[in-house]
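Please open the model in your viewer and keep the sequence panel beside it, since each stop on this tour begins with a selection.

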Amino acid sequence: MTTSDGGRLPLRVFPPPDGRAPGRHGAKEFTGDSDAMTSWGGSALRMWHHRIGTAARGNRARAGRPRCSRRRGQYGGGREAKDMNRAPGMVDVAREAGVSHVTVSRVLNDHPSVRPETRARVEAAIEKLGYRRNSVARALKSRRSSTIGVVLAGAELYELPRILRGVQTAAQRAGYWVNLASWQGGTTRDLAETLQRLTDQAVEAIAVIADRPMVMDALADIVTGVPMTVVMSGNVPNPDVGFVELDQELGARLAVRHLVELGHRRIVHLTGALRTFDARARVEGWRAALNEAPEAGGEFFEGDFTGNSGYRLAHYLVTRRTGEPPTAIFAGNDQMAMGVLAAFAELGVKVPGDVSLVGFDDIAGAAYQVPALTTVRQDFVALGTRSIEQVLRMMQGESASCERIAPELVIRRSTAPPKPPR
């Protein structure tokens, strides 16, 4: 082996500690120049390599040759690889459009001073490069995140998809994104931590979708520092918290009044889970409507808003040995009403010939039962929309308020006047 000036590079190789020769010729020590290495085996060459490496690399550097044979940037080195691995930034957009980064910023912020042709060029560069704004950096700079937090606080929110559709539509229409969080029960401290996590992410307002009184109790003393509204039923003993609900009590009154007007006097109510706002409010509406008609009466039995509980309670009503059978049933929701229809079909009870039946919610499929179900329609999309509209007004300085959305009675084929007494 020669050096850069053509001289010989002296080598001195020592055997391993166990005394074995490094090569197949059995030599224990070798002193000489690199040309003599050709008589040694491959294993000796490997041992020599690490001793001559430093000198050889120095020689290559002095000779101006590259230290590595692979291309620049092949394994993460070099500007080319870095450019490939990072997302395009504002500077890249400015370079592509042939403008300054200040102009790009003005286009992104819809500044009126940018000429139309320049704006078009910047927007074309943004589209070509796939540039996306850094929302975190933008929030830090502007102190706005354009995000509304939504907490799902309950396991029995049966029409949640429609509520969230209204929430999302109203938020996007106003230029906001939605950040979802979930709280399925626990202590007030747990709920406070959930709300704190949202505020730590710089949300500008919070909407809580709740289904039970414990949420209201937990929210009574929580201070978030941002406008907050509660969606669904119940009321919050906190004047700083807004409130939007579907009027459950009114819906129950409409259902029972319809049955009373048909001539029914024994109206049983199969309730949902009484730990929820909806079930409690519907019981109150059922009771209030019966009080308006002194000749009418009835009793209620608790279910859990599932079709199975409606099925079970319907079996009980038909097979029990005590009490007068009802001529009409007001079910806690449509799912329970469908369970009632299934049980009556098995037991030979005709609807509405023997018993009239009213549901609640007007869920998908209610109109296609046999018979088609009379029910109370609730606008869940409007519920989500109104909640966001309210919290947006609160962000503009408006005081918290209470809003109720009126339901609608939808009369189909599952209700009729009772059979005349024998």
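**Salt bridges and their surroundings**

Select Glu292 to begin; in this predicted model Glu292 is partly exposed, with a relative accessible area of 42%. Now add Arg257, whose side chain meets that of Glu292 in a salt bridge of 3.0 Å from N to O. Glu292 belongs to helix 11 (residues 277–292) and Arg257 to helix 10 (residues 248–262), so this pair ties together parts that lie 35 residues apart in sequence. Arg257 is itself partly exposed, at 29% relative accessibility.

Move next to Arg393 and Glu398, whose side chains form a salt bridge at 3.1 Å, N to O. Both ends count as partly exposed, Arg393 at 30% relative accessibility and Glu398 with a relative accessible area of 40%. Then return to the earlier pair and add Glu249 and Arg253 to the selection, for salt bridges with shared partners join Glu249, Arg253, Arg257 and Glu292 into one network.

For another salt bridge, select Arg115 and Glu117, where the N to O distance is 3.9 Å. Arg115 is exposed at 54% relative accessibility, whereas Glu117 is partly exposed at 45%.

**A buried arginine**

Select Arg320, which is placed in the loop between helix 12 and strand 10. Is Arg320 buried or exposed? Its relative accessibility is 15%, so Arg320 counts as buried, the cut-off being under 20%. Show the side chain of Glu299 as well, and a polar contact of 2.9 Å appears between Arg320 and Glu299. Once neighbours within four places in sequence are set aside, Arg320 is in contact with Glu299 and Phe301.

**Strand 6 and its partners**

Select residues 228–232, which make up strand 6; five of its five residues are buried. Strand 5 (residues 205–210) pairs with strand 6 in the parallel sense over five bridges, and Met232 in strand 6 is the bridge partner of Ala210. Strand 7 (residues 241–246) also runs parallel to strand 6, joined to it by four bridges, and here Val231 stands opposite Val244 of strand 7.

**Helix 13**

Finish with residues 334–347, the 14 residues of helix 13, which reaches 20 Å from its first C-alpha to its last, close to the 20 Å expected. Colour its buried residues, among them Met336, Val340, Leu341 and Phe344, and then display what covers the buried residues of this helix, including strand 8 (267–271), helix 12 (307–319) and strand 10 (328–331). Just after helix 13, stop at Gly348, which takes a positive phi of about 80°.

Key:
Residues numbered from 1 in each chain as written. Predicted model: local features only at pLDDT ≥ 70, side-chain atom pairs only at ≥ 80, totals over all residues. Heavy atoms only, no water. Helix = DSSP H or I, 4+ residues; strand = E, 2+ residues; numbered from the N terminus. Expected span 1.5 Å × (residues − 1). Buried < 20%, exposed > 50% of the residue type's maximum accessible area, 1.4 Å probe, protein only. Contact = heavy atoms within 4.5 Å. Pairing = 2+ DSSP bridges. Polar contact = N/O pair within 3.5 Å; in protein donor to acceptor, adjacent residues only side chain to side chain. Salt bridge = Lys/Arg side-chain N within 4 Å of Asp/Glu carboxyl O.
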